Amino acid sequence: MIEFDLAVIGAGPGGYVAAIRGAQQGATVCIVESDQVGGTCLNRGCIPTKALCSSAHLFQRIREAEVHGIAVAEPTLDYARTAQRKDQIVSTLVGGVEQLLKGNGVDVFRGRGTLEGPGKIRIRRKDVVGHIRAKQIILATGSVSARPKALPIDGKNILTSDEILAIKEIPESLLIIGGGYIGCEFASIFATFGSEVTIVEQLPQLLTRTDRQAVREVERAFKEKGVKIFTGTSVASLEASDGSVTARLSSGETVKAEKALVAVGRVPNIEGLGLEEAGIKVEQGAVVVDDRLRTSAENIYAIGDVTGGIQLAHVASYQAGVAVENALGGDARVDYAVVPSVIFTLPEVAQVGLTEEQCKEKGLDFQIGRFAYQASGKALCDAESRGTVKLLAAAESKKILGATIVGEEASTLIAEVTAAMHADVSVAELGEAIHAHPTLPEMIKEAAEDALGIAVHKVTRKPRERKSTTQ
Ligand SMILES: Cc1cc2nc3c(=O)[nH]c(=O)nc-3n(C[C@H](O)[C@H](O)[C@H](O)COP(=O)(O)OP(=O)(O)OC[C@H]3O[C@@H](n4cnc5c(N)ncnc54)[C@H](O)[C@@H]3O)c2cc1C
């Protein structure tokens, strides 16, 4: 039986990064993957959705071209080609990950991995079964869409995010159950492409735990596209018949649509992993890890969505580095103080650190610096004047506590605040940094200065009384 220093189960952004990090450090490494490398992120998550978000963005911008004096006919969509482009991007990137694994000397085993005694993994592919041994093991098996029994997902009319990414035609109408980021991104894509979209969310607001003002901005954009939003409402029953779906809502209303998307969360993928036999503690369906990402079994670590923590690709990749360092003899701990996240709706919402609501809940003494896109020269040149940059800073130390940006390129802009927070740069130092003009990042400088009450392109206080010089 072949023995490796490190074996990784699951080749998503957690697993493949762990395998490459291990190989970079001179370990002999293998990775076991039952599907395509790249995991949910590359094949059924981040990348295909962002390809569609980008197409939707372009579609919207073409429609808005008239404000630049450019006359265009009403654009039409060949969604089959839009979807083909998305698939092409996915296969290019999957090929890239395969090359990276190969180039780093990582052995890739295709099949389902199961823990079978200390340091032993069984790999099954159809009827063929093999075994490998490893001194250290990292579990990175990700997550799958939640499938509540009350919502009879059939893959034809009632879909999860996996299946909606495979459709070849835009549905005339789409009911989205769940107003989290996945539900809202699909709402944004399909509403922009012309579907009649309804979102039903049982919590009081869409995009829970997101800055309330940013959510209002997204809701405003949704309503302009005719998206119907029911919050504080659940789906009492859902049925599919004759190529359509009917939902009865807790409010008593009925919604009919061509298709329904069930986007009510994701659950860790632990099926058939052999966790119980390996003595690995599981709580609420997720693998329990400590701050060094160790499971309760010796020499077995877990990273990414399977641990049930922050279910984001970049968090899985970050954890990969920490777990590998520990597996190969180091002593690293995770730190989640500065984790950016982006909701790729139109407009985008990007956050890092705390929100205003969280600062209040914690009873912190903080200052808010705001800057509106409509006061930015570059945003006006781009005809993208909707949105706000909001920076939160500790009143006394001026330490940056968090930021929420809603608007064009929010996903890019948040990186500056993330880097500043990571380097412990204060809001005063951020405001002092020279920013190129005219650019959208100038809004970060202005918001930082606004937190200190000294923004130039915003009147924040009454001018001081000037002493008369004639007396
Ligand atoms: C629609 C959608 C959009 C998303 N958009 C974003 C986004 O914009 N940004 C972001 O950061 N995150 C996004 N995510 C979340 C992101 O995809 C996940 O957080 C990320 O993929 C988790 O990485 P992972 O490595 O933990 O697991 P995964 O990416 O789920 O990979 C796990 C891999 O393990 C394999 N596997 C499972 N069990 C076994 C086994 N027993 N043996 C062998 N292989 C196995 C699976 O086939 C899979 O390839 C999105 C998710 C969805 C569904």
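A polar contact is taken here as a pair of N or O atoms within 3.5 Å. With that cut-off in hand, the ligand site of this predicted model can be read atom by atom. A polar backbone atom of Gly113 lies 2.8 Å from a nitrogen atom of the ligand, so this pair falls within the 3.5 Å limit. On the oxygen side of the ligand, a polar side-chain atom of Lys50 is found 2.8 Å from one oxygen atom, and a backbone N or O atom of Leu312 is placed 3.3 Å from an oxygen atom. Of the ligand's own 1000 Å² of accessible area, 97% is covered by the protein.

The site itself is the second largest pocket. Several elements give two or more residues to the shell around the ligand: strands S2 (29–33) and S4 (112–115), together with helices H2 (39–44), H3 (46–63), H6 (181–192) and H9 (313–327). Helix H2 supplies the largest share, four residues. The ligand is surrounded by 40 residues, and those that come nearest are Gly14, Glu33, Thr40, Lys50 and Gly113. By character, the shell is made up of 20 polar, 13 nonpolar and seven charged residues.

Stepping back to the whole protein chain, its secondary structure amounts to 24 strands and 14 helices. The C-alpha atoms occupy a box of roughly 95 × 60 × 40 Å along the principal axes. The radius of gyration is 25 Å, which agrees with the value near 23 Å for a compact globule, because that is what a chain of 471 residues would have in such a form.

How values were computed: Residues are numbered from 1 along each chain as its sequence is written. This is a predicted model: local features need pLDDT of at least 70, side-chain atom pairs count only at pLDDT 80 or more; totals for chains, interfaces and linings use all residues. Side-chain values use heavy atoms; hydrogens and water are left out. A residue is near a molecule or strand if one of its heavy atoms lies within 4 Å of it. A polar contact is a pair of N or O atoms within 3.5 Å; within protein, one must be able to donate a hydrogen and the other to accept it, and residues adjacent in sequence count only if both atoms are side-chain atoms. Accessible areas come from the Shrake-Rupley method with a 1.4 Å probe; for residues, only the protein chains shown count as cover. On a 1 Å grid over the protein atoms alone, a cavity is a set of points where a 1.4 Å probe fits but cannot get out, and a pocket is an open set with protein on both sides within 12 Å along at least five of seven lines; lining residues have an atom within 4 Å of a point. A molecule sits in a cavity or pocket if more than half of its atoms lie within 2 Å of its grid points. Ala, Val, Leu, Ile, Met, Phe, Trp, Tyr, Cys and Pro count as nonpolar, Asp, Glu, Lys and Arg as charged, and the others, Gly among them, as polar. The radius of gyration is taken over C-alpha atoms; the globule rule is 2.2 Å times the number of residues to the power 0.38.
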